[in-house]
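Me: I should like to learn how to read individual features of a protein model. Could we begin with a single residue and then turn to a pocket and a sheet?

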Amino acid sequence: MIDLEGLSLTHEDIKRISHPMVGGLILFTRNFKNSEQLKTLTNTIRKIRGYDFLIAVDHEGGRVQRFREGFTTIPAMRKLGEVWDKDPNKANHLAFLIGQIIATELRVFDIDFSFTPVLDIDYSESTVIRDRAFHGNIEAIKSLASNLLEGLKKGGMHGVGKHFPGHGYIKADSHLSISEDTRSLDEIASKDMSIFASLIKHGLDAVMPSHVLYSAVDENPAGFSSFWLKDQLRENFHFKGAIFSDDMSMKGAILGGEMKDRIIKALKAGCDMVLLCNSPQLVDEVLPQLDWKISPDSMTRLLSMRGFKSPEEAIQMTQEENFKEMAGQIMAM
């Protein structure tokens, strides 16, 4: 899964997304000007690659909401946690509405899914997670996230739980530096991982592992580790959904080696799709070097991440009176 440099497809973009090793595209703020431009962009992508090509975005809310104008402003997930402390039932209801709003508004533009929700615990330490986390309370996170996932499905898309097995404990930002968590497996399993285990039972369809090195457990960061992805996710948790790597251009991924080696290592460890963002030159360098035959199981898991309400259905939903009421409840948080 790669990205684009601007608001429309260049010749170089078309060449990249047409490559047989590219199966998806992630959109960023630089790819959005307004609704008309976004619709033109996604329609053009579909004409080139069809509907088995995944289009995604980081649309969590708060500081991680890529599209603004014409979209409901989604609060940071910590706001839901604050509501939870006063009224759990109200917080769960709002989490469902947020999921439904996110999915419906993105499906209008034929975007398949958002990389959300963040399932990390707020330990009040992380420089990158912070208010992206629902809460510091495990039960609150489980409840709010499960309701948000139900809302996403109501709006026509699946969610992606991140960052397995948990990114909230460490202070360092894995975008900018090598990040190490020295806790034991038992501690991680009883706290951070228990959230993923619960959500998988609830029907979580996809997971993104972190680029954190859990040094007391395995020598590889989670996204390059067959222990975390195969032994824990697949075998221990019986996870049947898709696994998407975090961005391979992040500093935390440097332990995976050179870019080609990182990508192959992540795929061998158990990722179904690898993200390489913000580095078009690296994409051009690495694509001709890659030799990987996707398994039928991986292909099935990835295809299951396609959005399942049509843009026409989504448009109709946004025109209903209660949709405006839902958006109003969220904006009033």
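Reply: Certainly; please bear in mind that this model is predicted. We begin with Asp112, which is located in the loop that connects helix H4 (88-107) to strand E5 (113-114).

Me: Is Asp112 buried or exposed?

Reply: Buried means under 20% relative accessible area. Asp112 counts as buried because its relative accessibility is 2%.

Me: Which groups does the side chain of Asp112 reach?

Reply: One polar contact joins the side chain of Asp112 to the side chain of Arg46, at 2.8 Å. The side chain of Asp112 also reaches a backbone atom, the nitrogen of Gly307, at 2.8 Å. Beyond its neighbours within four places in sequence, Asp112 is in contact with residues including Phe53, Leu54, Ile55, Met157 and Met305.

Me: How should I read the sheet that contains E5?

Reply: Strands of a sheet pair through backbone hydrogen bonds, either parallel or antiparallel. Here, an open sheet of 3 strands follows the order E1-E2-E5, with parallel pairing. Strand E1 (24-27) and E5 are at the edges with a single partner strand each, so one side of each has no neighbour in the sheet.

Me: How many bridges join E2 to E5?

Reply: Strand E2 (residues 54-57) and E5 run parallel and are joined by 2 bridges. Within E5, Phe113 is the bridge partner of Ala56.

Me: What is the volume of the largest pocket, and which residues lie nearest its centre?

Reply: The volume of the largest pocket is about 660 Å³. Its lining comprises 35 residues, and those nearest the centre are Met21, Leu267, Asp272, Met273 and Ile294. By class, the lining has 23 nonpolar, 8 charged and 4 polar residues.

Me: Which elements supply the lining of the largest pocket?

Reply: At least two lining residues come from each of helix H8 (226-236), helix H9 (259-269), strand E11 (273-275), helix H10 (280-286) and helix H11 (296-303). H11 gives the most, with 5 residues.

Me: How does one read the buried residues of a helix such as H9?

Reply: An α-helix has 3.6 residues a turn, so residues three or four places apart point the same way. In H9, the buried residues are Met259, Arg262, Ile263, Ile264, Ala266, Leu267 and Ala269. The elements that cover them include H8, E11 and H10.

Me: What phi does Gly270 take, just after H9?

Reply: Gly270 has a positive phi, about 135 degrees.

How values were computed. Residues are numbered from 1 along each chain as its sequence is written. This is a predicted model: local features need pLDDT of at least 70, side-chain atom pairs count only at pLDDT 80 or more; totals for chains, interfaces and linings use all residues. Side-chain values use heavy atoms; hydrogens and water are left out. Helices (H or I, at least four residues) and strands (E, at least two) are DSSP runs, numbered from the N terminus. Buried means under 20% relative accessible area, exposed over 50%, partly exposed in between (1.4 Å probe, protein chains only). A polar contact is a pair of N or O atoms within 3.5 Å; within protein, one must be able to donate a hydrogen and the other to accept it, and residues adjacent in sequence count only if both atoms are side-chain atoms. Contact means heavy atoms within 4.5 Å. On a 1 Å grid over the protein atoms alone, a cavity is a set of points where a 1.4 Å probe fits but cannot get out, and a pocket is an open set with protein on both sides within 12 Å along at least five of seven lines; lining residues have an atom within 4 Å of a point. Grid points are joined across faces, edges and corners, and a volume is the space filled by probe spheres set on the points. Ala, Val, Leu, Ile, Met, Phe, Trp, Tyr, Cys and Pro count as nonpolar, Asp, Glu, Lys and Arg as charged, and the others, Gly among them, as polar. Two strands pair if DSSP finds at least two bridges between them.
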